[in-house]
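Here is a quick tour of the fold, written for someone who would rather look at a structure than at a spreadsheet. Have the viewer open as you read.

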Amino acid sequence: MHFFRTLISHALPTACIVCARHQKTMLCNFCYAFLEKHSLFHYPSCVRCGIQDEACATEPHQCSICLQQPPAFDQTHCLDRYDGVLQNAMHQLKYQRRLAISDAFAYAWSRLALPHLNISEEAVLLPVPLSTQKLAHRGFNQSWEIAKRIQLPPGVQAIANALGRHHSDSNQVERNRQDRQVALRHAFYIRPEMQSKIQNKSILVFDDVMTTGSTLHSIATLLKDNGARSVMNWVVLRTLSPHAQT
Ligand SMILES: [Zn+2]
Ligand SMILES: [Zn+2]
């Protein structure tokens, strides 16, 4: 059965990315309605880091971790939980290189997330970058593939390559948290010719998956050090444990 479903999902480009039923669109009506009902926008969460937190029911509110150690970014908005119905589709996009799935994620973000976001001023949208080596290996940056397909508000300009990432030889999982944070601090850079796109601008950083927030904190620190006025994270899938180490 599993093999059959996998086969079907590969054979039919319009199979729903969640339930794999053959549909006219890549997200069937049933799964779309489920996502709409259960998206993280309907749950109390920290306005700053996006973590689900009942204490944040009176909005806008920040979780205790953000209050104690404020991250460099100002806001985080997440579509769905990492262990929810979109996890498998995200794995297929990233690790089986099913690039067409990025259309469905962009569709979901445009229809289910954007209506909750009040983007009235001009902003620049930047994907979290991969290193040149990782980009060459995978063939694409999944965050950019989703971001560039979103029906952005008129004032938002998406730029693929303003941010760069240095290649790291050592395995992040093997490092302890402190080592990882030191390494992350120097992992990202702004391409010199793109400096003017950052200065005094509102920046939207687009990421496929947010876990500890360390990566996004490092990027926001870099952006603010280079004159960004504000940094807001747009995240497709959010792990809901603030202590997750992956
Ligand atoms: Zn479906
Ligand atoms: Zn928080």
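## Helix 4 and what surrounds it

On the face of helix 4 turned away from its buried side sit the exposed residues H91 and Y95. Exposed here means 12 or fewer other C-beta atoms within 10 Å of the residue's own, buried means 20 or more, and partly exposed is in between, with C-beta atoms placed from the backbone. Helices (H or I, at least four residues) and strands (E, at least two) are DSSP runs, numbered from the N terminus.

Before going on, a word on the source: this is a predicted model, where local features need pLDDT of at least 70, side-chain atom pairs count only at pLDDT 80 or more, and totals for chains, interfaces and linings use all residues. Residues are numbered from 1 along each chain as its sequence is written, while chains are lettered from A and ligands numbered from 1 in the order in which they are written.

Back to helix 4: its buried residues are A89, M90 and L93. Looking down the helix axis, these fall within an arc of 100°, so they line one face of helix 4; the arc is that of the directions from the helix axis to the C-beta atoms. Their cover includes helix 5, helix 7, strand 6 and strand 7.

Which residue with a positive phi follows helix 4? That is R97, with phi near 55°. N200 also has a positive phi without being a glycine. Most residues other than glycine have a negative phi. Here are the two side by side:

| Residue | Phi | Loop | C-beta atoms within 10 Å |
|---|---|---|---|
| R97 | about 55° | between helix 4 and helix 5 | 13, partly exposed |
| N200 | near 60° | between helix 9 (195-198) and strand 6 | 8, exposed |

Now the bigger picture. The protein has 10 helices and 7 strands, and 35% of its 246 residues are buried. Of the contacts (C-beta atoms within 7 Å) with a separation of 6 or more, 70% join residues 24 or more positions apart.

The largest nonpolar core (buried Ala, Val, Leu, Ile, Met, Phe, Trp, Tyr and Cys residues joined through C-beta atoms within 7 Å) has 52 residues, and L27, I203 and V205 have the most contacts inside it. Elements supplying at least two residues each include strand 1 (75-81), helix 4 (87-95) and strand 6 (202-210), but helix 5 gives the most, with 6. Leaving out residues up to four places away in sequence, L27 touches C16, I17, V18, Y32, A104, Y107 and A108.

Key: Contact = placed C-beta atoms within 7 Å.
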